Amino acid sequence: MIHTEDLTRRFGNRTAVDRLTFDVTAGEIVGLLGPNGAGKTTTLRMLAGMIAPSSGSARVGEYDPAREPGRVHETIGFLSESPGFYGRLTAGENLAYFARFYDGLDVADAVDCGLDRMGLSGRRGDRVGTFSKGMKQRLALARAMLHRPRILFLDEPTAGLDPEAARDLRRLIVELSEEQRTVLLCTHNLTEAEAICSRIAVFRTRLIALGTPASLREERSRSRVRVRLVGDVTRWIDTVREFPFVRFAEAEPEGVLVIGLADIGRDRPRLVTRIVESGGEILEVTEERKTLEDAYLDLVKEEA
C-alpha cells in the first residue's frame, strides 16, 4: 500500500529525510518513532503529496504523490498534529464543509457515518469551539475518514489527550486496521506504539531500524547476560574481557557484570564454566531483557 525508495527531502543545506526505503502492507499499523526534528512529519507530507521530494520516489496505493497528488488525496485520510476547525460552526457543519471537497460523495451520509462512528452524534449541533481536545481529535479522525480512505496518515493523534481519551482513540485506530485499512502513525508515545503497531520504524533523518516491537526488544537484548558475583566484580572485568567469546563487559552496582556474548545460547554455559574455573563465585546468571524504550533510546543514541 505504501512504498518508498531512496525518498529524500532537503531544505537548503539541511537533509530532513535521507534515502528512506520501506514498504507498508494492507492492514498494517506502522509507527514512525524518532526525536523532534527527525523528519517524521516531513515524510508524511511527502507521502501525502503536500511537498515534493528532493530525490527518490514513493507510491501510495497506485499513485505517485509527487506526480498525482490529487489522486493520492482521494486515497488517503490525513490527521495532522494540530487539526484546524471552524470553532463557531457545529460538528456537523464542519464535517459537511470538508465533505464537499470530495466529488460524488453523499455529504449527509458521510457526516452521519463519521459522527456515529466516533461517538459524536449527540454533539452534532454543538459548536466545535466548545469541544475538548479529545473530542476535537475524534472529530478530526471522522473528517479524515469521510471518504472512506484505504490509507491513513496520523501525526501524533493522541498528543495532549488524557489517558481515557487516548485509549479510546487507540481503539478506533485498531478497529480501522482490522478493516484492512493501512495506518502510518507518527508518535513519541512508546507505550502506544508497542500496544497498537504491527511494526515500528525508528527514524532519525534516515531509517535506523524496522521491525515488530518484540523483535526490536529482542535484537537489543539477545546477546547480553547479567552475572551476579560474590565480592567486588570490578576485579573480574579484565579477566572476563579476555574470554574470546565475550564482546564487552561492564560493572554495575551490587555485584553485577553486564556481559555481551557473540552467541548467547552457545556462550552462556562457557562463560559460567570459565568464571568458576577462574575462582569466581556466581550467585545468579540472567539474560538481560530490554523494554521497547530501552531499545529505542539505544538505537537513537548510537545513531547520534
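**Entry 1: a pair of strands.** I began at Gly31, which stands opposite Ile200 in strand β8. A word of care for my own notes: this is a predicted model. Next I looked up the strands behind that pair. Strand β3, residues 29–33, runs parallel to β8, and four bridges hold the pairing. I also noted Val30, whose bridge partner in β8 is Arg199.

**Entry 2: the other side of β8.** I then turned to strand β9, residues 206–211, which is antiparallel to β8 and joined to it by five bridges. Here I picked out Ala201, with Leu210 as its bridge partner in β9. What lies between β8 and β9 in their hairpin? I found one residue between the two strands, and Thr205 in the turn has a positive phi of about 70°.

**Entry 3: the whole sheet.** I went on to trace the order of the strands, and it reads β5-β6-β7-β3-β8-β9. This is an open sheet of six strands with mixed pairing. Which strands stand at the edges? They are β5 (76–79) and β9; each has a single partner strand, so one side of each is left without a neighbour in the sheet. I also checked the twist: neighbouring strands are turned by 15° against each other on average, direction ignored. Helix α11, residues 292–303, packs on this sheet and touches β3, β8 and β9. The direction of α11 makes about 30° with that of β8.

**Entry 4: is β8 enclosed or open?** I looked up burial for strand β8, residues 199–204. Five of its six residues are buried, so β8 is largely enclosed by the rest of the structure.

**Entry 5: the cores.** Two residues of β8 came up again here. The largest nonpolar core has 47 residues, and those with the most contacts inside it are Leu139, Leu141, Leu154, Ile200 and Val202. I followed Leu154 further: leaving out residues up to four places away in sequence, Leu154 touches Leu44, Leu79, Leu141, Ile173, Val183, Leu184, Leu185 and Cys186. There is also a second, separate core of 27 residues, and among its members are Leu7, Met46, Ile151 and Cys186.

**Entry 6: a glutamine to finish.** My last stop was Gln137, in helix α5, residues 133–144. Is Gln137 buried or exposed? Its relative accessible area is 2%, and buried means under 20%, so Gln137 is buried. I then listed what Gln137 is in contact with, leaving aside neighbours within four places in sequence: Leu79, Pro83, Glu156, Pro157, Thr158, Leu161 and Leu169. Leu79 was already in my notes, as one of the residues that Leu154 touches.

Definitions and conventions
Residues numbered from 1 in each chain as written. Predicted model: local features only at pLDDT ≥ 70, side-chain atom pairs only at ≥ 80, totals over all residues. Heavy atoms only, no water. Buried < 20%, exposed > 50% of the residue type's maximum accessible area, 1.4 Å probe, protein only. Pairing = 2+ DSSP bridges. Contact = heavy atoms within 4.5 Å. Axes fitted to C-alpha atoms, helices over the stretch in contact; angles between N-to-C directions. Core = buried A, V, L, I, M, F, W, Y, C linked by side-chain atoms within 4.5 Å.
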